[in-house]
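Thanks for coming. I have one structure to go through today, and I will take it topic by topic. Please have the sequence and the coordinates open.

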Amino acid sequence: MNKSDGCRCIATELYGAKPSSVVVTTPIYYINGAPHIGHAYASIAADVIARFHRLDGSKVHLSTGTDEHGIKVARSAETIPMDVQKFADQMSDKFREMNRAINLSEDDFIRTTENRHRESAQALWKLLEKDIYKDTYSGWYSARDEEYVAAEDVVDGNAPSGAPVEWMEEESYFFRLSAYQDRLLDYYDKHPDFIAPPSRRNEVINFVKNGLRDFSISRNKFDWGVPVPDSNDHVMYVWIDALANYITSLGFPHNREYVSEMMANCIHVVGKEILRFHAVYWPAFLMSAGISVPKRVFAHGWWVSEGQKMSKSIGNVVDPFEIIEKCGIDSLRYFLLREIRFGEDGDFSNDAFQRRISYDLANDLGNLVQRVLVFIQKLDGRLSVNYDFSSEEQILFVHARGLWDSLRQLMEKQDLHGALCCIWDLVSESNKFINDMRPWELARTDVRRLNAVLTTLCESIRAIAFGLAPFMPGTARKIFDFMNVEGKSFRELSINFSDVRFDPPAPLFPRER
Ligand code: ME8
């Protein structure tokens, strides 16, 4: 490695600017209960995707919020009893609190009871009117799922999800979904990456191939919802209202061209149970309204707790606030995204969580940073300029410099788990490099070589911290602070380690709190 391409690597050169727009969304959550680990998971995943693209130079809009209408919420308020709007205000605040606790970098928090949203949902309805007609609905409804259930799917009075159903008979507006079957199939065919992970694609295609029925999109025996335009006695079905949040957040009904352009760059992160709403109903609505269909709907899996479905009656609901208080948010973010592939189901077990914290975080990453920075303290916190790199060092340099490109490829597919594994490969290689290079011996025998070894390790740690920044923003920041580059953004970070005054490090992951 020569002087010009030695350790003076400039992040912006390495990582390249990629100015494009990316919209990332979380589901908007029902407010009938307090936020739990499942909500935190979906939002953390969306946050990582958003942060990654921001660091990669894109203009990002991350939206989240609360889904406040519908029978489920109205009934929850009734049982307290409490005014439903007041109930909504209180519960929505709990989700804002969760966002602060999980370090969500949202650009917008949207509540479906806001005026801007009512305006947007009603404007969307007007655009759909050519596909809307009035008829009478009679059939089964599951309030817990806020979903109509086909008669053949009702078993012993329950929906496939296990939720009880109730018979409904009322005048209703219908959306002509049946007219979109071919267009949807054509769309899936031409956009093979629209539904992710790929394993979920066939499930949706088969559902659509089995035939789409028009479905009811209003209620008239109930008023906790967005009023249907030009109708005195109907409110919108909560899912039309809810899905519209994504365009409300982009400014709809104003500036429709911009909204449509942004939707084409949109990645929806949703749980697998609501994939159908996002990959079938939502694109049909958008096609009908003349707005672009999102780029991707990523369906993530479900967490259970200690092997069992989380439920209040079992008392095994994982409370994100408690874990964050005890172990810190970055540990939780890491565990959720590392423990399972994004898209698969997971089991939140305390043992597995503790194992990840002590092996991956404290031992592998924490010790790497600690060992290197403690060594540098032995050199009075400074490295001398040294471009005399051995082939072992050059190999590690190349790995470190290639990290972001590898992450970019994985993050294109929202492979968050793969990205963390890729970062940990570099962590392991760096730890192995320390063991092979034996800096403790070099400190006695060859200080010049010691400088080269430590410089290489700093470059590797810098790349690790940069890669970790979307996943564990607090930890990445701490590492950069130890390296005394406070105030510089990760992208600007220009490395000449001989200019850096290193501070004595504190442990990255203190074992007890
Ligand atoms: O469905 N494991 O809201 P919701 C993993 N308002 N993720 C989980 C989870 C678990 N055990 N439990 C919940 C709604 N989630 C609608 C959405 S969007 C326009 C409207 C996550 O409060 C998962 O992302 O039931 C799921 O899709 C979301 O929370 C559902 O939240």
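I will start with a definition: a disulfide is a pair of cysteine sulfur atoms within 2.5 Å. By that rule, the count here is zero disulfides. Take C422 as an example: the nearest cysteine sulfur to it belongs to C421 and is 8.5 Å away. Since the cut-off is 2.5 Å, C422 is in no disulfide. C422 counts as buried, at 15% relative accessibility. Another cysteine, C458, is buried too, and its relative accessible area is 0%. Keep in mind throughout that this is a predicted model.

Next, the nonpolar cores. The largest one has 105 residues, and F348 and F471 are the members that touch the most others in it. Which element gives the most to this core? That is helix 2, residues 37–55, with 12 residues. If you click on F348 and ignore its neighbours within four places in sequence, you will find it in contact with residues including I37, W303, V304, L332, F335, L336 and F353. The contacts of F348 also include S305 and E306. There is a second, separate core of 67 residues, and among its members are L177, V208, I274 and A284.

Now a charged residue, E146. This residue sits in the loop between strand 4 (132–142) and strand 5 (147–149). Does it have a buried or an exposed position? E146 is buried, and yet it has no salt bridge. The nearest side chain of opposite charge is that of R219, 5.6 Å away. A salt bridge here needs a side-chain nitrogen of Lys or Arg within 4 Å of a carboxyl oxygen, so that R219 distance does not qualify. What E146 does have is a polar side-chain atom 3.0 Å from the backbone nitrogen of I71. Beyond four places in sequence, E146 touches Y30, H69, G70, I71, K72, Y141, Y237, V238 and W239.

Next to R219 in the numbering is S218, in strand 9, which covers residues 218–219. S218 is buried, with a relative accessible area of 0%. What does the side chain of S218 pair with in a polar contact? The partner is the side chain of H234, at 2.9 Å. H234 is also one of the residues S218 touches outside the four-place window, along with others including W125, Y148, E170, V235, M236 and Y237. For a sense of distance, S218 and A123 are 95 residues apart in sequence and 15 Å apart in space, C-alpha to C-alpha.

Last, some backbone geometry. The I80 to P81 peptide bond is cis, with omega near -10°. P81 is in the loop between helix 3 (71–79) and helix 4 (84–102). The bond from A196 to P197 is also cis, with omega near -5°. P197 falls in the loop between strand 7 (195–196) and helix 7 (201–209).

Then positive phi outside glycine. N255 has phi near 50° and lies in the loop between helix 9 (245–248) and helix 10 (256–263). N255 is exposed, with 53% relative accessible area. D380 has a positive phi of about 65°, and its loop runs between helix 14 (350–378) and helix 15 (391–412). D380 is exposed as well, at 61%.

That is the list; I will take questions now.

Notes. Residues are numbered from 1 along each chain as its sequence is written. This is a predicted model: local features need pLDDT of at least 70, side-chain atom pairs count only at pLDDT 80 or more; totals for chains, interfaces and linings use all residues. Side-chain values use heavy atoms; hydrogens and water are left out. Helices (H or I, at least four residues) and strands (E, at least two) are DSSP runs, numbered from the N terminus. Buried means under 20% relative accessible area, exposed over 50%, partly exposed in between (1.4 Å probe, protein chains only). Lys and Arg count as positive and Asp and Glu as negative; His and the chain ends are not counted. A polar contact is a pair of N or O atoms within 3.5 Å; within protein, one must be able to donate a hydrogen and the other to accept it, and residues adjacent in sequence count only if both atoms are side-chain atoms. Contact means heavy atoms within 4.5 Å. A nonpolar core is a set of buried Ala, Val, Leu, Ile, Met, Phe, Trp, Tyr and Cys residues joined through side-chain atoms within 4.5 Å.
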